[in-house]
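Reader: I am in my first year and still learning how to read a model like this one. Could you take me through one part slowly, and then show me what else is there to look at?

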Amino acid sequence: MPKIPKFKIGLCQLSVTSDKNINLVRARNSIEVAAKQGASLVVLPEMWNCPYSSDLFAKYAEDFGDNAASLSFSMLSEVASCQGITIVGGSMPEWDNGRLYNTCCVFGPDGKLTAKHRKTHLFDVDIPGDILLKESDTFTAGGEPTIVDTDVGRIGIGICHDIRFPELAMLYRARGAHLICYPGAFDMSTGELLWELEQRARAADNQLFVATCAPSRDSAGCYTIWGHSTLVGPFGEIIATSGHEETIVIADIDYSAIEHRRKVLPLEKHRRGDIYLFVDTHEQKPWRIES
Ligand SMILES: NC(=O)CC(=O)C(=O)O
């Protein structure tokens with residue numbers, strides 16, 4: 001169990017503009033308000049400092065290796081230490097050695113960087129009449145899962161499309177995560193159909209907490225975001241959620257619920273590892289319908 005089994009989480013659903021400085025000011029204010037309302041963990045959205053647009057990611061990207069030059073990185077580090085809180089810093093476009101990543105930085109209450117997750121599953125989709133996006137044209141995918149011990153428990157990190165891969169969440173559960181944080185930016189149609197479903201499924205299957213944080217909706221923007229930042233408990237229950245407007249969700253997390261749920265519904269004991277065949281998708285046989 002972590003040092004603080006019970007605490008408040010703040011999900012800052014931010015309105016993102018094309019002016020990076022405004023985004024930084026808004027994020028800082030929102031984090032401070034969340035901290036004043038008692039949050040010891042604050043989560044930001046995917047791409048909170050940059051509009052969600054493939055042609056803008058490179059322009060807004062910062063090199064976190066040179067912290068002094070990275071305004072967004074320095075702001076998060078400073079506000080974490082001023083407020084004495086843990087921050088899961090949503091995601092920002094990151095330059096590293098000529099490559100662009102979609103990256104989440106985690107800061108401890110001393111302002112030090114404790115983990116860095118690079119989006120591992122890039123969102124390459126072509127849904128006719130809806131959305132055409134190929135993140136892999138712009139970003140390089142991260143190569144590893146990220147799990148970090150913080151003052152508020154062991155946290156696994158995923159970014160948006162990463163939520164669709166149960167294997168990642170299972171790995172975090174197996175490594176003892178209490179909470180998985182997914183900064184995200186689902187669009188309107190995937191959001192309506194899948195945003196809540198994916199969160200509740202990851203939480204219920206793994207009997208842990210799941211927190212998501214999205215930007216607020218800007219219907220005039222190039223990519224219209226669903227919003228609805230949410231905290232889900234280890235039974236798949238929604239503890240707190242929001243609409244699509246700019247807001248802060250403050251909610252209580254009590255990790256003893258994890259133990260309780262796992263005791264009354266001991267999925268680990270019921271698992272039939274002897275009959276599951278974990279097949280690498282590259283080895284899958286073509287689908288065949290038996291007649
Ligand atoms: N940003 C994303 O990865 C978007 C996504 O997954 C979606 O469904 O929309």
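Which residues surround the ligand?

Author: Please keep in mind from the start that this is a predicted model. The ligand is surrounded by eight residues that you can pick out one after another in the sequence: Glu 46, Phe 123, Cys 160, His 161, Ala 185, Phe 186, Asp 187 and Thr 190. When these residues of the shell are sorted by character, four are nonpolar, two are polar and two are charged.

With the ligand in view, you can move on to the strands and helices. Six strands make up an open sheet, which runs in the order E9-E10-E11-E12-E13-E14 and has mixed pairing. At its edges lie strand E9, residues 146-150, and strand E14, residues 238-241, each of which pairs on one side only. From one strand to the next, the twist averages 20°. Within this order you will find E11 followed by E12, and strand E11 (residues 179-183) pairs with strand E12 (residues 209-213) in the parallel sense, over five bridges. To see where this pairing can be picked up by eye, look for Leu 179, whose bridge partner in E12 is Phe 209. It also helps to know that in a regular strand the side chains alternate between the two faces of the sheet.

Two hairpins come next. In one of them, strand E4 (residues 92-96) and strand E5 (residues 99-107) are antiparallel and share five bridges, and Trp 95 stands opposite Leu 100 in E5. The hairpin of E4 and E5 leaves two residues between the strands, and in that turn Asn 97 has a positive phi of about 50°. In the other, strand E7 (residues 124-127) runs antiparallel to strand E8 (residues 131-134), and four bridges join them, with Lys 134 in E8 as the bridge partner of Asp 124. Here three residues lie between the strands, and Gly 129 takes a positive phi near 75°.

The helices can be read in pairs. The axes of helix H1 (residues 20-36) and helix H3 (residues 71-83) come within 11 Å of each other and cross at roughly 15°; since angles under 35 degrees count as roughly parallel, H1 and H3 are therefore roughly parallel to each other. The crossing in which H1 passes H3 is right-handed. On the side of H1, the contact is made by Leu 24, Arg 28, Ile 31, Glu 32 and Ala 35, while H3 brings Leu 71, Ser 72, Met 75, Val 79 and Gln 83. Six residues of this contact are nonpolar, two are polar and two are charged.

For the other pair, helix H4 (residues 166-174) and helix H5 (residues 188-206) pack at an angle of about 40°, and their axes are 10 Å apart. The crossing of H4 and H5 is right-handed. Pro 166, Ala 169, Met 170 and Arg 173 of H4 make the contact with Arg 202, Asp 205 and Asn 206 of H5, and the residues of this contact divide into three nonpolar, one polar and three charged.

Terms used: Residues are numbered from 1 along each chain as its sequence is written. This is a predicted model: local features need pLDDT of at least 70, side-chain atom pairs count only at pLDDT 80 or more; totals for chains, interfaces and linings use all residues. Two strands pair if DSSP finds at least two bridges between them. Axes are lines fitted to C-alpha atoms, for helices over the stretch in contact, and angles run from 0 to 180 degrees between N-to-C directions. Angles under 35 degrees count as roughly parallel, over 145 as roughly antiparallel, 65 to 115 as roughly perpendicular and the rest as oblique. A crossing is left-handed if the near helix is turned anticlockwise from the far one by less than a right angle, and right-handed if clockwise. Two residues are in contact if their C-beta atoms, placed from the backbone, lie within 7 Å. Ala, Val, Leu, Ile, Met, Phe, Trp, Tyr, Cys and Pro count as nonpolar, Asp, Glu, Lys and Arg as charged, and the others, Gly among them, as polar. A residue is near a molecule or strand if its C-beta atom, placed from the backbone, lies within 6 Å of it.
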